[in-house]
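Subject: Structure handover

Hello,

Here is the structure I promised to pass on. Please open it first, then read my notes below.

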Amino acid sequence: MIDQLNPGDHLIWKKSQMKVFEKKNSAVKTKNEGFDIDHSGSLIIENIQTDKSGTYKAEVFNSDGKSKTKMEIQLCVQEPVSEPSITVQCGDEGVHLSCIFLSGTEASVSWMKNGQKTDKTAAVLHISWSELELGDSYSCTVSNRISLKSAKDVQPACSSTENTTNADGDRKKDEDGGGKGENNNDDGQSFLFGLDLWMVVLVAVAGGVFLILFIICVVCICCRRRNKSKAEEEKEFRLAPLMPDNSSQPEEQQYMQQSESLRPSKSQRPLPPLPNA
């Protein structure tokens with residue numbers, strides 16, 4: 001608390017070495033937005049938010065410049081906590097309860113069991129199967145300096161008997177799966193070598209359809225080639241009578257040459273008889 005502020009005094013308010021308000025000889029020299037003082041010199045902070053948290057220092061000097069008053073205040077601004085909720089997760093060794101609330105809010109957590117406060121303060125509560133009893137209810141409470149809120153009670157739905165049964169069943173299925181290629185899970189789904197049986201059937205059907213289509217394509221190609229070859233042979237057969245026969249050409253040429261060789265040449269013909277005198 002600052003003593004009575006005289007008109008000639010020099011007042012300085014700082015937040016983390018930064019001036020937020022300064023007044024000297026009744027004249028305001030520095031006044032940051034959201035800060036003011038009352039008649040006694042006490043600092044007034046408007047629109048309180050978490051960013052206003054910090055250390056505030058005040059110092060008053062008299063008219064001679066000598067310090068006559070100093071003070072330091074630590075201000076902590078907190079937001080109200082949000083309403084928490086609880087999530088339940090069943091594991092091999094027990095149950096895990098998580099107290100969920102708005103992240104970024106500084107708060108402490110406490111747990112209640114059947115309406116009685118426990119010494120557990122972590123956000124996640126681990127309960128072993130030996131500790132859990134049928135009908136037990138749990139709740140968590142989140143609090144800070146200005147607010148406190150609790151989650152609704154929850155009763156874990158899983159039990160150690162169910163968990164043990166599931167674990168034994170899984171181990172038995174793994175053992176059976178080692179000697180057989182097919183096994184079933186808890187949901188009634190069939191598996192073949194670790195794959196869903198329906199998936200295996202679909203893959204087999206798709207493979208069969210692909211094989212049939214491949215065979216049909218091969219047969220069509222072969223038939224098309226055979227028909228094409230047959231058509232070419234028929235075309236050649238139809239054009240054969242129209243083509244000239246070159247097989248007899250050498251004999252005709254030989255006959256013509258023989259005829260020409262037997263025909264006397266002009267130089268060998270007999271001279272005409274001389275006229276009688």
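**What I found**

E33 lies in the loop between β3 and β4 (35-37). Is E33 buried or exposed? Its relative accessibility is 78%, so E33 counts as exposed. I45 is twelve residues away from E33 along the chain, and the C-alpha atoms of E33 and I45 are separated by 9.3 Å.

Keep in mind that this is a predicted model. The average pLDDT of the protein is 78, and 70% of the residues score at least 70. Two stretches call for care. Over residues 161-169 the pLDDT is below 50, and this stretch has five contacts in the model beyond near neighbours in sequence. Residues 178-184 also have a pLDDT below 50. Beyond near neighbours in sequence, the stretch 178-184 has 15 contacts in the model.

**Overall make-up**

The protein has three helices and 17 strands. Of its 277 residues, 22% are buried. Among contacts with a separation of 6 or more, 47% are between residues 24 or more positions apart.

**The five-stranded sheet**

Start with the open sheet of five strands. Their order is β3-β2-β1-β6-β7, and the pairing is antiparallel. Which strands stand at the edges? They are β3 (27-31) and β7 (67-75). Each has a single partner strand, so one side of β3 and one side of β7 is left without a neighbour in the sheet. On average, neighbouring strands of this sheet are turned by 10 degrees against each other, direction ignored.

Inside this sheet, look at β1 (residues 10-15) and β2 (residues 18-24). They run antiparallel and are joined by six bridges. To find your way along the pair, use L11, which stands opposite K23 in β2.

As background, strands of a sheet pair through backbone hydrogen bonds, either parallel or antiparallel.

**The three-stranded sheet**

Another open sheet has three strands, in the order β8-β9-β12. Its pairing is antiparallel. Here β8 (85-90) and β12 are the edge strands. Each has a single partner strand, so one side of each lacks a neighbour in the sheet. Neighbouring strands in this sheet are turned by 20 degrees against each other on average, direction ignored.

Five bridges join β9 to β12, and the two run antiparallel. One useful marker is L97, whose bridge partner in β12 is L125.

**The largest nonpolar core**

L97 comes up again in the largest nonpolar core. This core has 17 residues. Which residues have the most contacts inside it? They are I86, L97, W111, Y138 and C140. The elements that give two or more residues to this core are β9, β10 (108-113), β12 (124-128) and β13.

I86 is a good place to centre the view. Leaving aside neighbours within four places in sequence, I86 is in contact with L97, S98, W111, Y138, S139, C140, A151, K152 and V154.

Another core lies apart from the largest one. It has twelve residues, among them L5, F35, L43 and Y56.

In soluble globular proteins, nonpolar side chains tend to be buried together.

**Cysteines**

How many disulfides are there? The count comes to one. It joins C99 to C140, with an S to S distance of 2.1 Å. The torsion about the S-S bond is about 70 degrees, so the disulfide is right-handed. This pair links distant parts of the chain. C99 is in strand β9 (residues 94-100) and C140 is in strand β13 (residues 138-143), 41 residues apart.

Both partners are shut away from the surface by the numbers. C99 has a relative accessible area of 5%, so C99 is buried. C140 has 0% relative accessibility, so C140 counts as buried. C140 is also among the residues with the most contacts inside the largest core.

Other cysteines give another picture. C76 has 44% relative accessibility and so counts as partly exposed. C220 is in no disulfide. The nearest cysteine sulfur to C220 is that of C217, 6.6 Å away. At 47% relative accessibility, C220 counts as partly exposed.

Best wishes

Conventions. Residues are numbered from 1 along each chain as its sequence is written. This is a predicted model: local features need pLDDT of at least 70, side-chain atom pairs count only at pLDDT 80 or more; totals for chains, interfaces and linings use all residues. Side-chain values use heavy atoms; hydrogens and water are left out. Two strands pair if DSSP finds at least two bridges between them. Helices (H or I, at least four residues) and strands (E, at least two) are DSSP runs, numbered from the N terminus. Axes are lines fitted to C-alpha atoms, for helices over the stretch in contact, and angles run from 0 to 180 degrees between N-to-C directions. A disulfide is a pair of cysteine sulfur atoms within 2.5 Å. Buried means under 20% relative accessible area, exposed over 50%, partly exposed in between (1.4 Å probe, protein chains only). A nonpolar core is a set of buried Ala, Val, Leu, Ile, Met, Phe, Trp, Tyr and Cys residues joined through side-chain atoms within 4.5 Å. Contact means heavy atoms within 4.5 Å. pLDDT is the predictor's confidence in each residue, from 0 to 100.
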